[in-house]
Every structure is written in structure tokens, then in C-alpha cells.
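Thanks for making the time this morning. I would like to walk through one model with you, going from single contacts out to the overall picture.

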Amino acid sequence: MQPKKLLILLCLSGFVDPASPQDRILTDIRDLAPEEIKIEGFKLSSEQDVAISAVGFRGSRKNDVMFTNAWILDSKTRDVVWEMYDANATKKGRRLLEYSESLQLPAGAYEVYYATYPYFYYQYDHGWGRYLGKFWDDIFDSENVEDLHRDFKDELRTFRIEVRGRGERFEESHIANLNKEFTQNAIIEMTGLGDEEYLRQGFSLDRPLDLEIYAVGEARDDGTFDYSWIVNTKTRDSVWKMTYRNTDYAGGAKKNRKVHETVSLPAGRYVVFFVSDDSHSFQKWNASPPYDPMFWGITIKVKDASLKQYVKTYDYEGLPEENVIVKFTRLRDNEFKTQGFTLKRPADLRIYALGEGRDGQMFDYGWIVAAKTNTKVWEMNYYDTEHAGGDEKNRLVDEVRRLEKGSYIVYFVTDDSHSYWDWNTAPPHDQERWGITIYGADDDFDPNDIGEYEPRAEGNILAQIVRVGDHERERERFTLDNDSAVRIYAIGEGADGRMFDYGWVEDAGARRVVWEMTYRTTRYAGGADKNRVFDQVIDLRKGEYILYYESDDSHSFNNWNSDPPDDPVNWGITLSLVKN
């Protein structure tokens with residue numbers, strides 16, 4: 001019988017796979033070390049079955065205990081098409097399992113990963129988690145790597161994944177070539193990012209467009225650490241943000257998160273940011289890496305490739321140096337800054353503030369009050385801030401706020417730690433602007449529309465004792481030519497029904513008190529609970545009066561022993577004539 005006919009007969013009989021003479025090794029990852037990830041890839045020109053064999057530590061998907069893992073990604077969709085712990089396995093010794101499977105794959109490009117990072121240790125601190133954590137800690141977190149190779153050399157030598165099929169093999173250095181089909185319509189590519197990154201890229205849309213966003217980062221339900229957001233540069237509104245709630249599990253450690261969605265944006269100018277903290281990134285993982293480690297960062301694509309012509313990128317310059325109205329920056333510990341300004345017409349103002357906050361509370365922060373009414377018109381609220389890079393307590397506000405014509409006072413206060421040039425943990429990316437800066441944001445902004453703030457010009461002041469310190473007792477006389485309505489605005493300290501820093505008004509002729517600041521008539525003034533404010537109008541008869549203010553030995557202007565009030569500069573008392 002001729003050899004060709006014999007081969008056909010054997011194939012039909014099932015003794016020979018007709019494709020086997022053409023099969024080759026497409027992936028061969030082995031010789032792994034503790035806490036290592038290796039990558040290879042392959043490309044198939046036609047749909048076919050590929051043979052996968054792998055060896056790894058025994059683990060449990062059910063109990064979230066995975067000592068080693070291997071998986072295959074579709075390079076075009078970034079989806080996982082195969083994972084070690086979903087495959088058929090047989091025991092291979094006391095600690096190992098051997099996986100063997102045939103997988104049908106369509107034509108396309110694929111990436112193969114093998115990682116030796118346990119991730120349960122970072123998720124559990126009790127029960128089996130503690131026991132297994134200690135076991136894996138002994139294996140992987142030892143400082144002596146040589147001991148690891150010696151004690152587990154048999155297992156390390158056995159770890160592997162091999163893929164066989166009919167296609168083209170790609171080594172790790174050429175994997176980027178497999179990603180081109182996914183990124184060919186990309187307008188933004190910030191990927192493969194490391195620790196303490198702060199990247200930004202401007203882009204403009206000449207028409208409304210649907211953008212496909214793919215981002216991989218780090219977040220937990222108690223905070224975001226490596227993440228991205230997009231800002232409209234005109235309004236300063238955040239039009240998209242990567243949070244724990246709008247992301248999905250990205251494989252590996254529970255804190256690995258990803259988002260893959262389409263966002264519709266109107267025509268305009270935008271900037272995309274990506275920030276990472278000081279650990280766990282493509283540079284060095286401190287827990288099990290995600291399924292798609294090379295795309296750690298953000299990729300933005302035009303959904304319809306034919307519309308890419310309507311997108312342009314530009315270098316985003318950040319904060320302008322012109323149109324500055326108020327600037328308190330490079331602030332140190334225990335600083336208190338204040339400055340007033342007057343708007344001659346309504347205006348949009350950009351507020352850029354960097355401060356310290358944690359768990360819903362701010363420690364270094366700013367606020368703005370309307371000078372005439374002493375009411376707060378803006379404050380740096382923790383829940384309105386973004387992570388500013390470095391430690392999670394570094395917080396950022398960058399927004400546009402419209403203010404009406406009138407006078408305003410800007411404040412910024414810092415506590416006794418973590419400030420410019422004296423950071424007690426990782427600093428923010430924009431260290432130089434720790435504090436607050438306010439800019440004119442209107443396209444037609446005119447610096448001449450900003451005037452000086454003149455305190456006495458606001459509210460027809462009759463008498464005033466403010467910025468009162470400790471152990472003071474001050475007084476000021478004033479005269480009323482007619483029976484008048486008088487506004488009393490007083491800020492002081494009180495607790496448990498008593499006042500400690502407070503004011504009163506005496507009739508100078510009769511030497512009797514006609515008004516007194518009591519705890520019952522005051523309300524909370526912001527900051528510490530003991531800060532109290534009285535803000536009401538009373539009627540006084542024609543005559544001569546004496547205004548008094550007295551303070552005790554603690555908690556006063558620029559010597560606060562707890563949080564200051566919203567309007568600290570007016571700690572004291574102000575009387576103003578109310579005109580009809």
C-alpha cells in the first residue's frame with residue numbers, strides 16, 4: 001500500500017490526527033520565579049482547536065485561594081477566553097495540579113499569561129485566610145529569594161503553560177504587535193503605567209462623538225488609587241470618572257478593577273487624567289495582577305473609525321498664570337490665609353484647591369464667604385474632591401463656580417502636619433499649589449472687573465471689634481442720630497449653654513445692657529461645635545452706645561485649639577446700620 005493511502009486510512013481510523021504534522025508550539029512559558037508574570041502570544045490565521053497543557057499549585061476558585069494562575073486573552077476584545085482554574089485538572093504530586101484541555105478559537109491574535117502571585121493574603125485576615133496567608137507569606141514574602149528557589153525548586157521548575165496549534169508564535173517583546181487591532185482607532189493611549197504616575201492629555205471634539213473607554217486600575221469600596229477621569233476644560237465639570245462602583249472585577253487581586261464602556265460627549269475641549277499611587281502597578285505588583293496587566297491605564301477609542309477625523313489631541317498646559325484673582329500656594333503647617341476681592345459684575349471663577357482630607361473630613365482646606373452677608377458660598381467639601389496623587393488623603397478640587405456681583409472673602413487653613421515641604425506621607429503630584437488659587441474663567445474675562453475689597457464699605461458699619469485674640473476685653477463707642485434698625489453680627493465661643501468669647505451693647509448714658517450675646521440666641525458657626533454666631537437685626541433708640549467684646553484664654557483668632565469657624569476673620573462683633 002502506498003504511504004499516502006496508508007496515512008488516509010490511519011486518519012479515518014482515528015489513529016492519527018490529520019492536523020498533527022502541522023501543529024507547533026505557539027506558547028511555552030516556564031522557569032517562573034515567585035511573584036513573577038510572564039507573557040507570550042500567538043496568532044491564528046483560521047479557526048481551529050488548540051491544545052493547552054499547564055501545571056500550577058493546587059488552589060480553589062470557590063474559596064478565592066489561587067496560588068498560581070494562567071490565562072489567555074483575545075487581543076482584539078481584551079476578553080479572557082481561557083483560564084487555568086476553569087480547566088480540567090489531575091493531581092500531579094502533593095501540591096500541584098496538571099491542566100490539559102482542547103480549546104476551539106477563531107482566527108485572531110491571543111496573549112498568554114502565567115502569574116505566580118497569590119492574592120488571598122491581601123483579602124483575608126481571619127480563619128483559613130490567615131492560615132493560608134502565613135503559609136504563602138513563608139513562600140513568597142521572604143527576603144531571601146535564594147531560599148525560595150532552594151525550598152521550592154521542584155515546584156518552580158514544574159510551573160508552565162504550553163499551547164500547541166497551527167499559527168505564528170510571538171515572544172513577550174513582540175506582544176505589542178498583537179494589540180494593534182484593538183488600539184488602531186485609539187485617540188488616547190496611557191498604558192503600562194507604573195507607580196506615582198500623573199498623566200494628562202488634552203483632546204477636542206469637533207462634533208458629538210461616541211467614545212469607547214477601556215481602563216484598568218486599582219480601587220476598593222473605600223477608595224480609588226490608580227484611576228482616571230475626564231474633565232470639560234471650559235466648565236471644569238468631570239464628565240466621566242473611574243470609580244469602584246462603575247467598574248468590574250479585572251482578575252487577580254480583588255482591588256484590580258476595569259471599565260469597558262461607551263461614553264457620548266458633545267463637541268468641546270477635554271482633558272483626560274490618569275493617576276496612580278505608590279504601589280501595585282505594571283511597574284511592580286504587590287498582589288496578583290489583573291488579567292490585562294499591559295493595559296494598566298486608560299485607552300480611549302473612537303467608536304466609529306470613520307469619525308476619527310473629528311478628534312484632535314493637544315498638550316494640556318494645566319493652570320494658566322494669567323487671570324489670577326487670589327493665590328495661596330506652597331502653604332505650610334498651621335497657616336491661616338485670607339484675602340478679599342470685589343466683582344464689579346457676575347463672573348465664572350475657576351477654583352483650584354489642594355488640601356488634606358480623610359474619611360469625609362478636611363484638615364487643610366478653603367472656603368469663600370459673601371462679605372456683605374457673611375454666608376458661605378463655596379467650601380472644599382471632602383465628597384466633592386478628587387484624589388490628588390500620592391497618599392489618598394491628598395485631595396483636589398478643580399471646578400468653575402459662578403458668583404454674582406459683590407465682595408467676597410477667600411480663606412484657607414492648614415493643620416499641624418502634612419503640608420508643603422513637610423509631607424508626612426507621599427505628597428500630591430502638584431505640590432507647588434498646595435492651597436487655593438482662583439482664576440477668572442470667562443472667555444471675555446477682564447481683570448479690570450476685579451476690585452479691591454474694602455471691609456468698611458460693606459454694610460454701613462457703625463462699630464466693629466474683630467480678629468480678637470486670647471484674654472482681651474475691647475470696647476468701641478458709637479452714636480445713633482435716629483431710632484434705627486441695627487444688624488449685629490457676632491462670632492464667639494460657647495458650650496453647654498455658656499459663652500466664653502462674646503459681646504454685648506450698653507446704653508452709654510444709662511449704663512445698662514441693651515443686648516447680649518447668649519448661647520441660646522446663637523447658632524452653629526461652622527468648624528468646631530463650640531463656634532457660635534449671632535446674626536440678627538435689633539431696634540435701637542437714638543443715643544450713644546458702647547460695644548464690648550471679651551475673650552477667655554483659648555481658642556481665638558489665629559490661635560485656634562480646634563477647627564475655626566467659617567468666618568474666622570470676623571471673630572468678634574460687627575454692628576451695621578440697616579438702611580431702608
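**Salt bridges and cores**

Let me begin with E40, which counts as buried because its relative accessibility is 8%, under the 20% limit for that class. This is a predicted model, so please take each value I quote as computed from predicted coordinates. The side chain of E40 meets that of R169 in a salt bridge, with 3.3 Å from N to O. The two partners sit in distant parts of the chain, E40 in strand β2, residues 37-44, and R169 in strand β10, residues 168-170, with the two positions 129 residues apart in sequence. R169, at 28% relative accessibility, counts as partly exposed, whereas E40 is buried.

A second pair is D206 with K312, whose side chains meet in a salt bridge at 2.6 Å, N to O. Here D206 belongs to the loop between β12 and β13, while K312 lies in strand β20, and the pair is 106 residues apart. D206 is partly exposed at 45% relative accessibility, and K312 is also partly exposed, at 45%.

The third pair I picked is R345 and D444, where the closest N and O atoms are 4.0 Å apart. R345 lies in the loop between β22 and β23 and D444 in the loop between β29 and β30, so this salt bridge ties together parts that are 99 residues apart in sequence. R345 is partly exposed at 28%, but D444, at 55%, counts as exposed. A search of the whole structure finds 34 salt bridges, and D28, R30, E162 and R164 are linked in a network of them.

Turning to the interior, the largest nonpolar core has 74 residues, and F341, I436, F478, W515 and I573 have the most contacts inside it. Apart from that core lies another, of 52 residues, including M242 and W285. F341 touches, among others, I325, L349, L403 and Y453.

One glycine also deserves a mention: G297, in strand β19, is buried, with a relative accessible area of 0%. Among the residues that G297 touches are M190, Y214 and F274, and its C-alpha atom is 8.0 Å from that of D226, which is 71 residues away along the chain.

How many helices and strands does the chain have? There are five helices and 39 strands, and of the 580 residues, 51% count as buried. Finally, among contacts between residues at least 6 apart in sequence, 79% join residues at least 24 apart.

Notes: Residues numbered from 1 in each chain as written. Predicted model: local features only at pLDDT ≥ 70, side-chain atom pairs only at ≥ 80, totals over all residues. Heavy atoms only, no water. Helix = DSSP H or I, 4+ residues; strand = E, 2+ residues; numbered from the N terminus. Buried < 20%, exposed > 50% of the residue type's maximum accessible area, 1.4 Å probe, protein only. Contact = heavy atoms within 4.5 Å. Core = buried A, V, L, I, M, F, W, Y, C linked by side-chain atoms within 4.5 Å. Lists of a residue's contacts leave out its neighbours within four places in sequence.
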